[in-house]
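Q: Please give me a close look at one part of this model, the sheet and its surroundings. Then carry on into the partner chain, in short sentences.

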Amino acid sequence: MSDLERLKHLLLADERETLLLAEQRIAALEQANQELATLLPSLVRAAPQEPMTRALASPVAAALGNAVHENRASIIDALFPVIGPIIRKAIAEALRGLMRDMNQVFEHGFSPRGIRWRIEAWRSGVPFAQVVLKHSLNYRIDHVFLIERDSGLVLHRASSPGLPELDADAIAGMLTAIGQFVRDSVGPEGDESLEAARVGEHLLWVLDGPRASIASFIQGVPPDTLRVILSDRLEQIHAQMAGDRLQGVDQAGALQTGLDPLELVAASAAMSDRRELATSKSLRWPVLLILILVLAALTWHFVRVERWNMRVDALRAALATHAGFLLTDLESKPWRSLSIDGLLDPDAVAVAPMVEAADLGGVRAQLRTLGFVSTDDPVLVRRARRLLAAPATVTLDARNGALRVQGTAEPAWIDANQARAGWLAGVRSVDWQVRPVDDGSARRNAAHAELTGLAARFEHDHVSFAHDVDSDAVSAKVLDQLAASLVRVAALSAEFGIPVKLGIEGHTDSVGSSETNRKLRLARAVWLRDKLRDRGAPAGLLQQADLGEIAVEKDSTFRGASLRLTVGASGP
Amino acid sequence: MTPQARKICMLGDFGVGKTSLVARFVRNTFSDAYLTTVGVKVDSKEVALANGQAQKLVVWDIAGRSALDALNMSYLRGASGLLLVADGTRESTLRTAIDLLMQSRSLLPDAQAVLLVNKLDLVERWEVAPSTLVELRHTLPVLETSARAGDGVEQAFAELAGRLQA
């Protein structure tokens, strides 16, 4: 060892030893750290429960908060299977409570019992809530068991005074077994359990918690607030059992259960009282609103039905008066369907348009008809017109089965139908007033006959002359008659178109020369024409007349003038 | 002071005499019909221990089966003790009792168990050999009982109750 080494040893011996010890300690700590990771779980398990949980509470809470903050998805995935059922159960409980409340409101509001209670509250001046409470609280809790959920062992029991002793352990065990049996039978994978059972007036309520259940044996009808109170007690009991502080049958005696039956009834009544008082005012408006809505709905319904009935009645009346239709049945369901059955004469006016025209708000009426023969007067007229094929000039009318036929018609039609009219169905009698059609031939024939008569008279009515063209006194009267007759001839000929030919002839005796006589005859014819013209005879007829002389017959003594009328045929 | 109650379950094959043993031991609160409907019947009995203390036993008589299904396993939950019952005249029921004990161990690893070989009144017809019982006594307490005559019944329940107290 050199001097320097010796010196270093002398000067730094203590420090070197300290350094060596420090290095050894560091190595040991590193070794311990390496082993700690594997030893930690067993160390934690081996550590005393209370100080360990107390020590870990704060870092675990911080770590959980950190994890929620930074790794939310994993936390949600882990908690989701737990949170879902809890939320569902909470919602189901809330809905059940709501339904019970609604049931109670309706039951108390509209039932005869509810009305009776309201009258009692009005008469006594006591709030309705108190009356309801008074009548609803007729129940009694016989026994309450707090049961360890897994084993079915009784953690706590309380009974109303005066009840016979019972084997609570056996009953709790059997109840647990039946609950497990029911759960296993209904849904082994769910969290559902037997919640209630009723036998007559006796009711069993079971409220399950994670570690313990409360079973209540009740007589009568308990209010819903009792269940709330029991749930509250169960939660308090579980709070005491949390953290393994009070777990198992051995520590059950230390539990503050608050499950005394009388205390439970009192707590439930107090809660009911508060709830009823809080809700009684707010319940009025909803109840009033519901009443108004119900009344409005009923009114609307009745008005709607009445409107339908009025329309159907109007249609029924129209059908009843419809000629040729006999209503046999009418089935009506307001604003849903209308079914009409009846008998319809084929000659009656169709019913379907009338039914379709009825305002039934979109309801399509079903119309079913069968044929029949009607004796209604309008149908009788239509039938007669159809079967008789009456022309337009013939009018038909009926009254009480009496058919009246009037107008003009072809004789052939008259001959064919006059007798037939009486055979028509429904006709009792026939008043036949049909004239044959007038075509003028009769009058024409009469006119022709009159003209022929006038022509015959002209052959006898002469104008006589004493000399030359001096007519005797008698002839003046004849002239007047002849002139009047010619006026009539011209009128008849013009009216009926009968052709006539007038001839004016002069006559002489056989004395004298023939030439002289011829001139004299012509002069006499002209004379007569002129005389007739002067007396008003139609000029046209005279102008077209033939002026002629008639050859003198041997030994003739007639001196005068005459008219000769030739009448044509009467046909067109 | 009311003694703390302990839940015990009766396990065994069909017809080994579980219900008869319970009937001999306890006051019957419920009808035997529960055994066929629900599969279990619960009764209770207070047992006086040798040290002068008392132990209340809540006895779950589970319907006889050669194997435990899910429902029966749920009946076992929370049990502190098991009374395994075999029929001495049928050796197969002894195997069944052991099998049931093995199955129940998955749920009740710490439960006290006592084996009862029943029908001692028919001992002349027993199939179970005494040597077998001697072997079994090395692993768990074995008692010979007769539900008909009442022999060993009280002792069997007291034995289990004593072990629960220990």
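A: The sheet comes first, then the contact between the chains, then selected parts of the partner.

This is a predicted model, in which local features need pLDDT of at least 70, side-chain atom pairs count only at pLDDT 80 or more, and totals for chains, interfaces and linings use all residues. Residues are numbered from 1 along each chain as its sequence is written, while chains are lettered from A and ligands numbered from 1 in the order in which they are written.

Helices (H or I, at least four residues) and strands (E, at least two) are DSSP runs, numbered from the N terminus. Two strands pair if DSSP finds at least two bridges between them.

Start with chain B. Its six strands form an open sheet in the order S2-S3-S1-S4-S5-S6, with mixed pairing. Strand S2 (40-48) and strand S6 (142-144) of chain B are the edges, each pairing on one side only. On average, neighbouring strands of this sheet are turned by 25° against each other, direction ignored. Such angles run from 0 to 180 degrees between N-to-C directions, with axes as lines fitted to C-alpha atoms, for helices over the stretch in contact.

Take the S6 edge. Strand S5 (residues 112-118) of chain B pairs with S6(B) in the parallel sense, over three bridges. There, B:Leu115 stands opposite B:Val142 in S6(B).

Two helices meet this sheet. Helix H6 (residues 153-165) of chain B packs on it and touches S1, S2, S3, S4, S5 and S6 of chain B. Its direction makes about 170° with that of S5(B). Contact here means that the C-beta atoms of two residues, placed from the backbone, lie within 7 Å. Helix H1 (residues 18-25) of chain B lies across strand S1 (5-12), S2, strand S3 (54-62), strand S4 (81-87) and S5 of chain B. H1(B) runs at about 150° to S3(B).

B:Gln55 lies in strand S3 of chain B. B:Gln55 counts as buried because it has 21 C-beta neighbours inside 10 Å. The cut-offs: 20 or more other C-beta atoms within 10 Å is buried, 12 or fewer is exposed, and in between is partly exposed, with C-beta atoms placed from the backbone. B:Gln55 and B:Leu164 are 109 residues apart along the chain, yet their C-alpha atoms are separated by 8.6 Å.

Now the contact with chain A. Here 21 residues of chain B meet 19 residues of chain A. On the chain B side, S1, S2, S3 and helix H3 (70-76) of chain B each give two or more residues. That side has eleven nonpolar, six polar and four charged residues. Nonpolar covers Ala, Val, Leu, Ile, Met, Phe, Trp, Tyr, Cys and Pro; charged covers Asp, Glu, Lys and Arg; the others, Gly among them, count as polar.

Next, selected parts of chain A. Strand S9 (residues 394-399) and strand S10 (residues 402-409) of chain A run antiparallel and are joined by six bridges. One pair is A:Leu396 with A:Val405 in S10(A). Two residues lie between the strands of this hairpin. A:Asn400, in the loop between S9 and S10 of chain A, has a positive phi near 50° without being a glycine. A:Asn400 is exposed because it has 9 C-beta neighbours inside 10 Å.

A:Trp335 also has a positive phi, about 60°, although it is not a glycine. A:Trp335 sits in the loop between strand S6 (325-333) and strand S7 (337-344) of chain A. With 14 other C-beta atoms within 10 Å, A:Trp335 is partly exposed.

Helix H12 (residues 441-460) of chain A closes the tour. Its 20 residues reach 29 Å from first C-alpha to last, close to the 28 Å expected at 1.5 Å a residue. The expected span is 1.5 Å times one less than the number of residues. A:Ala447, A:Leu451, A:Leu454 and A:Phe458 are buried in H12(A). They line one face of the helix, because down the axis of H12(A) the buried residues fall within an arc of 60°. The arc is that of the directions from the helix axis to the C-beta atoms. The face of H12(A) turned away from the buried side carries exposed residues, including A:Ser441, A:Glu459 and A:His460.
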